[in-house]
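Here is an informal walk through one protein model, from the overall build down to a few charged pairs. Have the structure open while you read.

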Amino acid sequence: MVSLDDVEAARRRIAGRLHRTPLLGSATLSKQVGADVRFKAELFQRTGSFKPRGVLNKLATLTEDEKARGVISISAGNHAQALAYASAVEGIDALVVMWQTASPLKIAAARGYGATVDDSPPDIPAAFEHLDRLVEETGRTLVHPYDDPLVMAGQGTVGLEILEDAPETDVVLVPVGGGGLVSGIAAAVKGRNPQARVIAVEPELSCALHASLEAGQSVTVEPRSAADGLNGPYAGPNCVAVCTELRVESVLVTEEELADAFRFVYGRMKLACELAGAATAAALLAGKVDVEPGRTVAAVVSGGNVAPQTAAAILAGP
């Protein structure tokens, strides 16, 4: 289990190395929901997402021998960029496995930050198989994109910042791919306020955590959402355990609701997020979350690595 103490330790390790992202209000959505809605703008974080928090926390615990052997991971893009960035800062060689259908923008960005990117696998399942082989062959340390307790604790620092900026927050919405962010935030928020609600938001077409919570164990799904940042093929077993123990709630949104929220976040809030970043707004706009009047709601918006042509296509929609 990841605890509040773990999250607070992570914050000490990464202190002063990342941006303190703002908590922005939305009068329009607050009026519609009947609650005070704030958005934690993690799309403004270094590399465009919350991911460097967990990576920096993990790298800070490596031995000199592990650093010398380098690190490895797998990612649709945002974790790849975070690992590349943080490894460059620490002087560690990084190898990232991606796949041929991953975002070209994110592949180029990971290489731009200094990582070696292996995008030879044709799809996500093949990429995970390739990762397992490379870990064994290279001896590199795996920095899992979400199911490492140190990574989860680092992501949980988002929750600490939310409660510091708005101590009255009693509902927190979190976008979910593999579950690292929501489990870390749940540890932080529930540790400070056990009565607070933490709600995981996933696409209907990529619902690994939702399915895992229903099954009582980690299950594998076939992710098909256009929100590539949320396309985790499975929820991490550690993440499922934390979310089960802390009674994290789960809601699903449709592809149409994601697109509508993307246009809202762009047009009304002026936030250039990617489709995955609009998931929490989608849940609120579509009425998927029952919020008591007068509550304070914090919704995480991450990340900000959207290709211009993708944004244009969504914005041009109905």
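## Before we start

A residue is called buried here when its relative accessible area is under 20%, exposed when that area is over 50%, and partly exposed in between (1.4 Å probe, protein chains only). By that yardstick R53 is buried, with a relative accessible area of 2%.

Keep in mind that this is a predicted model, in which local features need pLDDT of at least 70 and side-chain atom pairs count only at pLDDT 80 or more, while totals for chains, interfaces and linings use all residues. Residues are numbered from 1 along each chain as its sequence is written, and side-chain values use heavy atoms, with hydrogens and water left out.

## The overall build

The protein chain has 15 helices and ten strands; these are DSSP runs numbered from the N terminus, with helices being H or I of at least four residues and strands being E of at least two. Its radius of gyration is 18 Å, close to the 20 Å from the globule rule for 318 residues, so the chain is as compact as a globular protein of that length. (That radius is taken over C-alpha atoms, and the rule is 2.2 Å times the number of residues to the power 0.38.) Along its principal axes, the C-alpha trace spans about 55 × 45 × 40 Å.

Of the 318 residues, 59% count as buried. Take the contacts with a separation of 6 or more: 72% of them come from residues 24 or more positions apart, a contact being heavy atoms within 4.5 Å. The accessible surface comes to about 12200 Å², and 50% of it belongs to carbon and sulfur atoms; the areas come from the Shrake-Rupley method with a 1.4 Å probe, and for residues only the protein chains shown count as cover.

## A four-stranded sheet

One open sheet has four strands in the order β5-β4-β3-β6, with parallel pairing. At its edges stand β5 (116-118) and β6 (141-142), each with a single partner strand, so one side of each is left without a neighbour in the sheet. Strands pair if DSSP finds at least two bridges between them. Between β4 (residues 94-97) and β5, which run parallel, there are three bridges, and L95 sits opposite T116 in β5.

Helix α5 (residues 78-90) lies across β3 (71-74) and β4, running at about 165 degrees to β3. For such angles, axes are lines fitted to C-alpha atoms, for helices over the stretch in contact, and the angles run from 0 to 180 degrees between N-to-C directions.

## Charged pairs

How many salt bridges does the structure hold? There are 23, each being a side-chain nitrogen of Lys or Arg within 4 Å of a carboxyl oxygen of Asp or Glu. One of them pairs E90 with R17, whose closest N and O atoms are 2.3 Å apart. E90 is in helix α5 and R17 in the loop between α1 (4-14) and β1 (23-25), so the pair ties together parts 73 residues apart in sequence. E90 is partly exposed at 25%, and R17 is partly exposed at 24%.

R53 meets E42 in another salt bridge, with the closest N and O atoms 2.7 Å apart. R53 belongs to helix α3 (residues 51-59) and E42 to the loop between β2 (36-41) and α3, so this pair links parts eleven residues apart in sequence. E42 is buried, at 0% relative accessible area. The two also belong to a salt-bridge network with R11, R20, K40, E161, E164 and D165.
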